[in-house]
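Me: Let's go through this structure together, one short question at a time. Please give the reasoning before the value.

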Amino acid sequence: MTQTVAVLGTGKIGEALLSGMIRAGWRPADILVTTRRGDRARELHTRYGVESVTNAEAAKNADILILAVKPQDMGKLLDELAPHATADRLVISAAAGITTVFIEERLTPDTPVVRVMPNTPVLVDEGMSVISAGRHATGAHLATAEAIFGGVGKTLRVPESQQDAATALSGSGPAYFYFLVEAMTDAGILLGLPRAQAHDLIVQAAIGAAVMLRDSGEHPVKLREAVTSPAGTTISAIRELENHGVRAALIAALEAARDRSRELATGNG
């Protein structure tokens, strides 16, 4: 039986999921979207051929509800859905820090809820989406979420107790790399390179290193050691990174991101 999916909140992440689903073979006729603005609804219809509806209409008519709104908007959205969404609906949340219990308690009892934390590379089909089951979600529900989010990258199942850590590591992770590229670009300029050249050198180094990490199966320490000659340039740089506590700073940063995810879960937005 064909299922109807509604993407509630079609910002960048919601639109990325929408486009990924269509590329993966979902029919536009089986996808509904909700938006705040009429011009955005018309834009999505022109681009993808999907119908825009209200949140209430989505809850009534869709078999799968993907909640892609900001965490601070989740409570209001659930209030709109609750009178209309029955327990046979699969609810998938892509909002950082929002627990499955938070959603389950506001919807019809026994509603299956799956929590997903994607990251922004879903926009280029290279995302990582971390998936956890709520109390009433089955393996089939998880497989459905994987099929949807697998269209825009990789997926990984984890217990929900690990979601805040995964948010810190993967959900926020791309920002750390952008920050590092920004700093390295500034360093390149300081060393005498034009900004564009410094940027290209660093980005290609990052792509090459990521592919080697993914495809070689080697531990990152071994790959680093292969670049690190005795008394060479690399070891001199790594010594300075260690002297400035970069490793400790990264660990502290990830702990701070995890703690903030926990705060969001308690409603301290």
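Reply: Note that this is a predicted model. Start with a pair of strands. Val-114 stands opposite a residue of S7, and that residue is Ala-133.

Me: In which sense do strand S6 and strand S7 pair, and over how many bridges?

Reply: S6 covers residues 113-117 and S7 covers residues 127-133. Their pairing is antiparallel, and the number of bridges is 4.

Me: What is the strand order in the open sheet, and which strands are at its edges?

Reply: The sheet has 8 strands with mixed pairing, in the order S3-S2-S1-S4-S5-S6-S7-S8. An edge strand pairs on one side only. That description fits S3 (51-52) and S8 (153-157).

Me: Which strands does helix H4 touch, and what angle does its direction make with that of S4?

Reply: H4 spans residues 74-81 and packs on the sheet. The strands it touches are S1 (5-8), S4 (64-67) and S5 (90-93). Its direction and that of S4 make an angle of about 160°.

Me: In which sense do S1 and S2 pair, and which residue of S2 does Val-7 stand opposite?

Reply: S1 and S2 are joined over 4 bridges, in the parallel sense. The residue of S2 opposite Val-7 is Val-33.

Me: Are the residues on the two faces of strand S2 buried or exposed?

Reply: Strand S2 runs over residues 31-34. One side carries Ile-31 and Val-33, and the other carries Leu-32 and Thr-34. Both faces are covered, and these four residues are all buried.

Me: How many salt bridges does the structure hold, and how far apart in sequence are the parts tied together by Arg-23 and Asp-125?

Reply: The structure holds 21 salt bridges. In one of them, the side chains of Arg-23 and Asp-125 meet at 2.4 Å, N to O. Arg-23 lies in helix H1 (residues 12-23) and Asp-125 in the loop between S6 and S7, so the parts they tie together are separated in sequence by 102 residues.

Me: Arg-135 and Glu-104 meet in a salt bridge. Which class of accessibility does Arg-135 have, and which does Glu-104 have?

Reply: Their side chains meet at 2.7 Å, N to O. Arg-135 lies in the loop between S7 and helix H6 (139-149) and Glu-104 in helix H5 (residues 100-104), so the pair links parts 31 residues apart in sequence. Arg-135 has 56% relative accessibility, so it counts as exposed. Glu-104 has 6%, so it counts as buried.

Me: Which residue does Glu-160 meet in a salt bridge?

Reply: Glu-160 lies in the loop between S8 and helix H7 (163-171), and its partner is in strand S6. The two side chains meet at 3.0 Å, N to O. The partner is buried, with a relative accessible area of 4%: Arg-115.

Me: Which residues do salt bridges with shared partners join into one network?

Reply: Shared partners link separate salt bridges into one network. The residues joined here are Glu-15, Arg-40, Glu-43 and Arg-47.

Me: Ser-170 is in helix H7. Which residues is Ser-170 in contact with, leaving aside its neighbours within four places in sequence?

Reply: The relative accessible area of Ser-170 is 15%, so Ser-170 is buried. With neighbours within four places left aside, its contacts are Asn-119 and Met-128.

Me: What accessible area do Leu-241, Val-246 and Leu-250 have together?

Reply: Val-246 lies in helix H12 (residues 246-265). Val-246 is partly exposed, at 31% relative accessible area. The three residues form a nonpolar patch on the surface, with a joint accessible area of about 240 Å².

How values were computed:
Residues numbered from 1 in each chain as written. Predicted model: local features only at pLDDT ≥ 70, side-chain atom pairs only at ≥ 80, totals over all residues. Heavy atoms only, no water. Pairing = 2+ DSSP bridges. Contact = heavy atoms within 4.5 Å. Axes fitted to C-alpha atoms, helices over the stretch in contact; angles between N-to-C directions. Salt bridge = Lys/Arg side-chain N within 4 Å of Asp/Glu carboxyl O. Buried < 20%, exposed > 50% of the residue type's maximum accessible area, 1.4 Å probe, protein only. Patch = residues over 30% accessible without salt bridge, like charges linked within 9 Å, V, L, I, M, F, W, Y side chains within 5 Å. Areas by Shrake-Rupley, 256 points an atom, 1.4 Å probe, with all protein chains shown as cover.
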